[in-house]
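Please open the model in your viewer and keep the selection panel at hand, since each stop of this tour begins with something to select.

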Amino acid sequence: MGDVVSSHLDEGKREIITARTGTVLGEFSHLYEKQYVVALFNKVRYDVEGGGGPQPQLLRRKVPLANKSIFSGTLFQYLEENKKWRNRFLFIPDSYNISYYESKQAHNRGLQPKGTINCAGYRVLISMESYLELLNSSLPDVKAKVGSSPFLKCATQFPLILWHPYACHHYFCVGSAEEQQKWNAVFQDCIRHTNNGLSEECKVQTPAFTDAVRLYRQARNQYGTWDMMCGLPPQILANLVMETLLSELRDLISPRLKGKLHDRQRSWILISDAVYSLVQSQAQSQYEAIVQRCEAGRPPLEASIRTDMDQIITSKEHVGSKIRALVHPKAEKLLKVSIEPYITSILEALMEPTSRGFFEVRDIFFRELVNMSKNLLNGGSKEKLGEYMEKISMLAFHPVKMQPCYEKVEQLQLEGLQQRFDVTSPSVFVQRAQILMREQMDDAVYTFEQLLHQSLEAQEGKEDLCKAIQGCQDRVIKKFDYDSSTVRKRFFREALLQIFIPYMLKQLSPSCSVDFPHFQELIFEDFSRFILVENIFEEVVLQTVMKDIMLAVKEAAVQRRHNLYRDSIVLTNSDPNLHLLGENPPIDWAGEYGGGQQEVDGEQGNEHEDAETRRRCRMKQVVSMIQEDGATPALPESCLEVPGVDDIPEEEGEGSPLAPPTPSSEKEAITKEEVNGPPPKEAPPTIPNGTTLNKEKTTNPSTQEAVPMSPQDSESKLAIECAIQEIEDAVQEADGEQGGEGGTLEMIEVAPPPKMEDASFPMEHSGTISNKEVQPAPGSQREVQMEAVSIQEDEGVLPGPEEAQPPAKAEEELAKEEHRHETAANASDSCSELQPTAAHCSVPHHDDSGFQSPANEVAEEEALQAAMATTKIGEEKQNDCETGQEHAGKEDTPKAQTQITNENN
């Protein structure tokens with residue numbers, strides 16, 4: 001691509017560029033020298049007479065970013081020379097110029113960066129569509145074939161593009177949407193800071209420069225706001241030259257470009273960047289020469305001003321009265337017709353988003369202090385306080401945390417102003433409001449630091465520390481509200497003047513400028529350098545419209561709209577001792593209280609290490625480095641594995657996952673209980689016949705927890721359940737022979753679950769009693785079954801001695817019963833019981849068909865004959881099941897059921 005630049009920018013075109021730049025800078029130099037003297041006079045007069053207006057209540061930090069960096073991280077960058085994507089480490093110091101290195105190690109070793117980007121005049125784009133739209137406007141009249149390949153293939157789907165109308169473009173890519181948002185906020189903060197290149201501390205050079213640029217553009221009938229009034233003075237002058245030079249070069253060079261449309265666009269970007277670099281280098285050298293020449297003649301000028309101050313002021317007022325008599329009638333007519341109807345609507349459009357942005361600044365500051373107080377109250381100390389304050393001290397320069405504030409102001413829309421008042425875009429006002437918001441946040445933070453540091457000397461305990469934080473917070477919030485109102489009212493007045501003054505000057509200049517030579521003759525020759533007719537004319541126009549603007553802003557403050565204070569509320573010397581704290585040195589919270597960000601000391605054993613390298617390693621960063629979150633996010637609580645119960649024996653070969661709870665599962669269960677609180681203890685429900693039912697803890701895993709049972713309790717419960725099973729079988733057979741729709745005491749056999757996703761079911765309300773039978777280990781089944789028979793005989797729930805079966809027959813029937821359960825568990829079509837869930841979470845699936853397995857019909861007939869005495873109990877239970885919970889407790893409790901429940905308890 002270097003051949004493209006050299007071939008199209010030959011020696012002849014370079015001479016044209018140099019000549020055109022010299023012409024523009026020559027005219028600017030003449031204007032700057034005249035405006036420099038006027039600015040010097042205004043500055044000396046202000047120092048002598050003093051300025052009015054309310055004084056700020058918050059303190060101002062002198063060096064905000066001392067020994068701090070803004071951001072650093074690694075991303076992909078597209079290299080134009082080899083058309084490939086490479087990893088680059090980006091480092092952003094306190095100057096907000098982006099430096100990119102091959103790696104982080106290269107930066108730490110102090111090597112020179114591969115390049116540096118000054119973001120003044122750039123725009124951040126996060127999609128290729130918006131970039132191509134701007135790119136097509138750079139060569140609007142070029143007719144070329146569009147290729148099939150895209151302009152640029154991004155390494156990822158999350159691009160970040162820095163676009164400039166004259167300079168080269170920079171392409172980056174990141175790996176996730178979160179990174180893209182963070183880097184977008186960082187790049188926008190760099191642009192916002194570098195665009196504000198003119199220092200307000202320079203009371204002479206900055207006004208002289210801005211007035212000279214404005215007068216130069218007005219001489220070419222270019223009124224209104226200018227988007228490229230951004231950056232340092234040499235960059236602004238280069239933009240001033242490129243505004244007219246680029247279009248001439250495009251007409252000369254674009255017909256000679258070859259290739260498809262994308263190739264021509266790439267070539268034009270490189271050519272434009274080369275031209276911009278040449279113009280900027282020439283503008284910088286000539287501007288420095290102008291400033292040096294004006295500064296050299298400043299002492300005698302200042303001495304003359306102080307000597308003839310009164311005469312100069314008198315002469316200026318005399319000429320001003322003459323000009324006012326000429327301009328005022330015309331300005332008043334223009335004001336009533338074209339300005340006054342729009343003041344209120346434009347002011348409201350400015351106040352709404354700007355005030356929301358300042359309110360967001362207040363909320364962020366308040367939330368940060370509240371969070372710090374909570375953390376210190378829960379378990380903090382002064383060491384922890386140092387860590388928190390180290391972070392809060394740089395809150396205003398944290399682009400990610402301040403991004404919500406900036407986004408509020410970006411919603412500013414001034415529809416219709418582009419055509420009527422020659423306002424190109426609201427970006428000038430948006431960036432100015434964002435700069436003021438950042439300054440207000442830093443003033444509030446710095447004031448809070450000084451107040452808190454002063455009050456910490458007498459504090460000892462945590463409660464005293466939190467009280468001190470609360471007291472300082474309240475004081476700062478009140479001062480912030482007052483300063484915020486003052487700053488916003490000043491911003492509204494300045495914005496309205498920037499909108500209306502250029503329009504009025506454009507309408508009044510043609511008719512009034514013809515009389516300017518006559519007014520110049522009224523000025524003494526000795527004072528002619530300090531009094532300029534053009535400046536007096538603009539002051540008269542400003543005074544004409546200023547009274548209406550002040551009235552509109554005052555009415556908004558009287559109505560308390562957007563929390564604006566009235567002008568009569570002036571807090572003068574409300575806290576005289578506070579401004580004395582502003583003279584104190586900066587507070588090193590990490591060094592004084594400990595617990596701050598750990599400084600990277602590097603290899604202290606290397607005594608020959610460069611001091612600059614050690615300084616880079618120790619430099620603290622406002623924003624943490626962007627890192628990809630590699631950890632898998634925790635599953636929701638509904639998906640966490642439920643701990644099992646390891647005290648219940650299981651059958652072999654079932655593959656049950658009911659293992660002892662792991663430490664992680666125990667920790668998850670404990671965490672869940674801490675969040676949701678312990679489950680309420682409820683009384684066990686009563687069944688319809690009045691028998692109390694023991695509530696199973698495993699029916700709902702979200703509210704109940706499994707309690708391990710001892711082996712003795714398990715065996716006793718198994719024996720009782722076997723006895724209940726015998727009664728159920730007898731009742732079912734009796735109901736089947738009688739042909740009635742008998743309710744049954746349904747026995748549910750719970751086996752280990754095959755899948756974890758079946759481990760939770762809602763509790764069903766039923767009129768039947770659900771008891772679960774847990775299968776014991778094979779070696780102990782027969783012993784448990786024999787023990788169950790003996791218990792049933794003792795309790796009197798089995799048939800009497802005349803119908804009792806011999807032990808051998810009973811053992812045989814128990815074996816058949818076990819076989820029946822295994823057959824029913826494997827046969828899904830004829831199964832009358834719910835298949836297993838977790839041992840602590842079972843819900844019955846009711847099957848009231850009363851269908852029995854054919855292999856067990858003989859055993860059931862014999863059991864029927866032995867259980868005829870219990871038929872009446874089954875009939876009563878049937879009625880209770882049909883009535884449900886409405887008749888709970890109204891029936892008499894049968895003796896047999898009461899005995900069973902007591903054994904369960």
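The tour goes from the whole chain to two helix pairs, and then to single residues.

Begin with the whole chain, bearing in mind that this is a predicted model. Colouring by secondary structure should bring out 27 helices and 10 strands, and of the 905 residues in the chain, 46% are buried. If you then turn to contacts with a separation of 6 or more, 79% of them join residues that lie 24 or more positions apart.

Next, select helix α2, residues 11-49, together with helix α6, residues 205-218, whose axes come within 8 Å and cross at roughly 135°. That angle makes α2 oblique to α6, and the crossing of the two is right-handed. To see the contact itself, show side chains on the α2 side for Val24, Glu27, Phe28, Leu31, Tyr32, Gln35, Tyr36 and Ala39, which meet a set of α6 residues that includes Pro207, Phe209, Val213, Leu215 and Tyr216. Sorted by class, this contact of α2 with α6 holds 13 nonpolar, 2 polar and 2 charged residues.

Move on to helix α9, residues 298-307, and helix α10, residues 309-379, where the axes come within 4 Å and cross at roughly 75°. The two helices, α9 and α10, are therefore roughly perpendicular to each other. Here Ile305, Arg306 and Thr307 of α9 meet Met309, Gln311 and Ile312 of α10, and the residues of this contact divide into 3 nonpolar, 2 polar and 1 charged.

Now select the cysteines. How many disulfides does a search of the whole structure find? The search returns 0. A useful pair to display is cysteine 190 with cysteine 119, which holds the cysteine sulfur closest to that of cysteine 190: the two sulfurs are 4.9 Å apart, too far for a bond, given that a disulfide requires sulfur atoms within 2.5 Å. Cysteine 190 is itself buried, with a relative accessible area of 0%, and cysteine 294, at 9% relative accessibility, also counts as buried.

For the last stop, select arginine 475, which is found in helix α15, residues 462-512. Is this residue buried or partly exposed? Arginine 475 is partly exposed, with a relative accessible area of 35%. Adding threonine 447 to the selection and drawing a distance between the two C-alpha atoms should give 9.4 Å, for residues that are 28 apart along the chain.

Conventions
Residues are numbered from 1 along each chain as its sequence is written. This is a predicted model: local features need pLDDT of at least 70, side-chain atom pairs count only at pLDDT 80 or more; totals for chains, interfaces and linings use all residues. Side-chain values use heavy atoms; hydrogens and water are left out. Axes are lines fitted to C-alpha atoms, for helices over the stretch in contact, and angles run from 0 to 180 degrees between N-to-C directions. Angles under 35 degrees count as roughly parallel, over 145 as roughly antiparallel, 65 to 115 as roughly perpendicular and the rest as oblique. A crossing is left-handed if the near helix is turned anticlockwise from the far one by less than a right angle, and right-handed if clockwise. Contact means heavy atoms within 4.5 Å. Ala, Val, Leu, Ile, Met, Phe, Trp, Tyr, Cys and Pro count as nonpolar, Asp, Glu, Lys and Arg as charged, and the others, Gly among them, as polar. Buried means under 20% relative accessible area, exposed over 50%, partly exposed in between (1.4 Å probe, protein chains only).
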